[in-house]
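Colleague: Before I use these terms myself, I should like to hear the reasoning behind them. Please take me through the structure shown here.

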Amino acid sequence: MKHFKLFLLALAMTAMPQAINAQTQTNAQATAEDLDAKYATELLKPGTEAPEIALSTIDGKQFSLKSLRGKYVVLDFWASWCSDCRRDAPNIVALYNKFHQKGVEFVGVSFDRNNESWKNGVAKLALPYTQVSDLKNMRESPVSLAYHIKWIPSVYVIDPEGKVALATVMSDKVDAFLTSVYPDCDE
């Protein structure tokens, strides 16, 4: 009986790290899944007509979202002062590198209020895609209000007909969506 108890104890000790690891992964997945439930609840729903964005680019040219009709467009709402945005920027750049070759356009919509901070942020993060801003705070920007942005980073995918296809705060969901549209880009 003593050996049987030692065997059970050894078995439990062997299985414990795997059980703890499985629980940690489950918790991490639950946390990841909860981000949209927590931060993206007011974003525009799929099928909604995407509001027009007519702003100046970082180099002073005029930009219109309607000019990209016929293509998928990723709208990345961010700001250089936002630590979560800076942390997610490499993911968005990776998406750009993966899907731009298929014709997907990427547009960064910054809520920086200072032109210098905005330009420095774009340079530091090496953002290769079009950048626009009205240099207004997120709570005051008409674009933010039109897109119901309450948290950044927030990302929209606009379909070729100009409708919201996806609204999320999670770049991995953007990757999954675009991969479903362009399965030959799956790495």
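The exchange below sets values against definitions.

Modeller: This is a predicted model, in which local features need pLDDT of at least 70 and side-chain atom pairs count only at pLDDT 80 or more, while totals for chains, interfaces and linings use all residues. Residues are numbered from 1 along each chain as its sequence is written, and side-chain values use heavy atoms, with hydrogens and water left out.

Colleague: Why is valine 74 called buried?

Modeller: Buried means under 20% relative accessible area, exposed means over 50%, and partly exposed lies in between (1.4 Å probe, protein chains only). Valine 74 has 0% relative accessibility, so it counts as buried. This residue is found in strand S3, residues 73-78; helices (H or I, at least four residues) and strands (E, at least two) are DSSP runs, numbered from the N terminus.

Colleague: Which residues is valine 74 in contact with, leaving aside its neighbours within four places in sequence?

Modeller: Contact means heavy atoms within 4.5 Å. Among the residues that valine 74 contacts are Val104, Phe106, Val155, Val174 and Leu178.

Colleague: What makes a salt bridge of lysine 173 and aspartate 36?

Modeller: A salt bridge is a side-chain nitrogen of Lys or Arg within 4 Å of a carboxyl oxygen of Asp or Glu. The closest N and O atoms of lysine 173 and aspartate 36 are 2.7 Å apart, so the pair qualifies. It links distant parts of the chain, with lysine 173 in helix H5 (residues 171-181) and aspartate 36 in helix H1 (residues 2-39), 137 residues apart.

Colleague: Why do lysine 173 and aspartate 36 receive the labels they do for accessibility?

Modeller: Lysine 173 has a relative accessible area of 32% and is therefore partly exposed. Aspartate 36, at 12%, counts as buried.

Colleague: How do you know that glutamate 42 and lysine 150 meet in a salt bridge?

Modeller: Their N to O distance is 3.9 Å, which is within 4 Å and so satisfies the rule. Glutamate 42 is partly exposed because its relative accessibility is 45%, and lysine 150 is partly exposed because its value is 42%. By this rule the count comes to nine salt bridges.

Colleague: How many disulfides does the structure hold?

Modeller: The structure holds zero disulfides, a disulfide being a pair of cysteine sulfur atoms within 2.5 Å. Cysteine 85 is buried because its relative accessible area is 4%. Cysteine 185, at 7%, is likewise buried.
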